[in-house]
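Work through the exercises below with the model open. Each task is followed by its solution.

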Amino acid sequence: MKLGLGSYAYRWSIGLKDKQPEVPLGPLGFMDKAVRHGVELVQFADNVPLQGCTLRELEAIARYAQSHALEIELGTEGIVNGHAQQYLELATTLNAKLVRATLNAQDLAQARAKLVKSLQQTVEAYASEGVTLALENYFLFPSVTLIDILQQVNHPHLGVCLDVANSIVSHEWPETTIQQLAPFAVNLHLKDYRFEVDPYGVGFQAVGVPLGEGEMDIQNVFDALVTAKVNSDLNVILEYWLPRAAIDQEGLQLEDVWTRQSVAAAQPYVEAFNQAHRVEA
């Protein structure tokens, strides 16, 4: 198990929709952040669309990763739109062994049989290149839907990118999501949150916080992975729901603060997981 940094950890420095910094953080800059924070892995998600890079730019990314002993994973959005197939080519260029993908509204609008067939074809292509496809539990569907799709495809190169908090939107508490999806996990997105009650009593909201400062039971996450006997090469990707208002008040350097705190909080759990697997071996 390696500890890595997802590009959504620096969503505001990279730029998102209409929120664009004067000098956006590029792929090499993001990788440099990961090296400076002492992690072994980066995962470029769909907020860094590498499909728009030239071959020369991709080669520069690969050289940087090799020279800094930094592993690369990729992330994209959509299956039937062809994005996952396109990212397999990027994975071979960048020597990435895992691509995380989210099912989007277009995927879920398809007849289930058509989506399953598309996934089967995609995963066969991935397997031929030794790459694993990890479907992330996302805001649009509950875990049981994802499990049903995985079981219908039934391929060793297809698994789950388990995000510990996303499925709150799908009416699931994280404990339920983790318990249901841990047996299928090939990748882990680790983040933390807390619930804030509106000062006027008008409901509440889930607000992101640095790892270890919120509601997430980190030990429960790793216990579930151990109980599920996941493969020991499953990697942990840190990302956060850092509010835009906090960036507006404190500046983009807050992303570095959250990263430093989250890396420090995650490392003991990763080390304990690896130690347990070494003892078993």
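**Exercise 1.** Determine whether Ala-69 is buried or exposed, and place Ala-69 in its loop.

Solution. Start with accessibility. Buried means under 20% relative accessible area, exposed over 50%, partly exposed in between (1.4 Å probe, protein chains only). Ala-69 has 66% relative accessibility, so Ala-69 counts as exposed. Next, locate Ala-69: the loop between helix H3 (55-67) and strand S3 (71-77) holds this residue. Helices (H or I, at least four residues) and strands (E, at least two) are DSSP runs, numbered from the N terminus. Finally, check the backbone. Ala-69 is not a glycine, yet its phi is positive, about 50°.

This is a predicted model: local features need pLDDT of at least 70, side-chain atom pairs count only at pLDDT 80 or more, and totals for chains, interfaces and linings use all residues. Residues are numbered from 1 along each chain as its sequence is written, and side-chain values use heavy atoms, with hydrogens and water left out.

**Exercise 2.** Repeat the analysis for Asn-95: what is its relative accessible area?

Solution. The value is 54%, so Asn-95 is exposed. Asn-95 sits in the loop between helix H4 (83-94) and strand S4 (98-102). Its phi is positive, about 55°, although Asn-95 is not a glycine.

**Exercise 3.** Trace the barrel: in which order do the strands close?

Solution. The order is S1-S2-S3-S4-S5-S6-S7-S10, 8 strands with parallel pairing. Two strands pair if DSSP finds at least two bridges between them. Now take one pair. S3 and S4 run parallel and are joined by 4 bridges. Thr-76 has Ala-101 in S4 as its bridge partner.
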